[in-house]
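Colleague: Could you walk me through how this fold is put together? I'd like to start with the sheet and then look at the helices.

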Amino acid sequence: MTTLKVAVIGCGSIAKNRHLGEFDHNPNVEIVAVCDIVEERVQEVAEQYGVKAYTNYEDVLKIEEIDAVSVCLPNYLHAPVSIAALEAGKHVLCEKPMATSIEEADAMIEAAKKNDRKLMIAHNQRFVSSHQKARALIESGEVGKIFSFRSAFGHGGPETWSADGKDSWFFKKDEAFIGAMGDLGVHKTDLLRYLLGEEFVEVASFIETSAKDFANVDDNAVCILKSESGIIGTLAASWAYTAGEDNSTIIYGEHATLRLEDDPNYSLIVQYKNGEVVKYELGAIQSNEDGGQTTSHTIDHFVEAVLENKEPLIDGEEGKKSLEVILAALESMETKKFSRIN
């Protein structure tokens, strides 16, 4: 296989701003079909890319020439549609969070194994240059022992860019299952696991709905996380950062502090204990507000994994581990106790 023939299921903002653009920019990809239950929306996208439009994903999965699908649907549909695609012999790139329960995540992983297909979860933070550089510095020992961290991901809310505005599925618990923690918090959970190189074992959280009076999912959350070696830190996920986006992470180490995406000019600033400061210009994180993503490397990595028969960096197991942290945070809020992560 030299060309990957793909279909994108779900043509809302995630597909338009990210998946479709990146697939279209990849010379080894041919977009074959697009699918959405809103006929006007899918027809518009189909005309833009010169492909066939469908309103039923089951019809898409019957197309033999399709090798892979992107699942860009409301959270509650991630598992059932991904499993159906894997059972139909398609490779799957699924948006985050991968599922709404561990049972669903396990079923997705099993379907991928049983059908010998690739399953990748679209966590894009691992591919950001500043994050990769920070991981390399930590792995090399230059930062020394990691003591703590502070990470945040927040913006004004999906109503500013999602296809249906305030009526979006993002704000409906029966479709989204979880709000800002599932939209943003799970991204940062995956990033922190990647940077630290270890798993989290315990979490305490406050997860509230305080900024969106039209929503019945969380829009503001702060969690305290503890890793297996005892690193502790905070993670904030919010749809209440009305004045601008925050996508920063700070790692506090024995020999240095790493400031990631915390400065408008330098994507990584390393402050050494001896007073030395090194500033890196590595390119900023792309966002929906910037007109979509064409070089986040998420889609390119998925395409490469399929065409070269390699395991993707964020496979089903990795996606599940990040989901487990989010589910434990929800449990902590409900029980008002620390939650253990298995």
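Modeller: Happy to! Two strands count as paired if DSSP finds at least two bridges between them. Keep in mind that this is a predicted model.

Colleague: Which residue of strand 10 is the bridge partner of arginine 150?

Modeller: Strand 7 (residues 146–154) and strand 10 (residues 232–238) run parallel. They are joined by 7 bridges. In the bridge that involves arginine 150, the partner in strand 10 is threonine 234.

Colleague: Which strands stand at the edges of the sheet, and why is one side of each left without a neighbour?

Modeller: The sheet is open and mixed, with 9 strands in the order 14-13-12-11-7-10-9-8-15. One side of each edge strand is left without a neighbour because each has a single partner strand, and these are strand 14 (277–280) and strand 15 (339–340).

Colleague: What angle does the direction of helix 10 make with that of strand 8?

Modeller: Helix 10 (residues 316–335) packs on the sheet, where it touches strand 8, strand 9 and strand 15. Its direction and that of strand 8 make an angle of about 55°.

Colleague: How is helix 1 placed relative to helix 9: parallel, antiparallel, perpendicular or oblique?

Modeller: The axes of helix 1 (residues 13–25) and helix 9 (residues 298–307) come within 9 Å and cross at roughly 55°. Angles of 65 to 115 degrees count as roughly perpendicular and those under 35 as roughly parallel. The crossing angle therefore makes helix 1, relative to helix 9, oblique.

Colleague: Which residues of helix 1 make that contact?

Modeller: On the helix 9 side are Thr298, Ile299, Asp300, Phe302 and Val303. The contact residues of both helices divide into 4 nonpolar, 2 polar and 2 charged. From helix 1 come His19, Glu22 and Phe23.

Technical notes
Residues numbered from 1 in each chain as written. Predicted model: local features only at pLDDT ≥ 70, side-chain atom pairs only at ≥ 80, totals over all residues. Heavy atoms only, no water. Helix = DSSP H or I, 4+ residues; strand = E, 2+ residues; numbered from the N terminus. Contact = heavy atoms within 4.5 Å. Axes fitted to C-alpha atoms, helices over the stretch in contact; angles between N-to-C directions. Parallel < 35°, antiparallel > 145°, perpendicular 65-115°, else oblique. Nonpolar A, V, L, I, M, F, W, Y, C, P; charged D, E, K, R; others polar.
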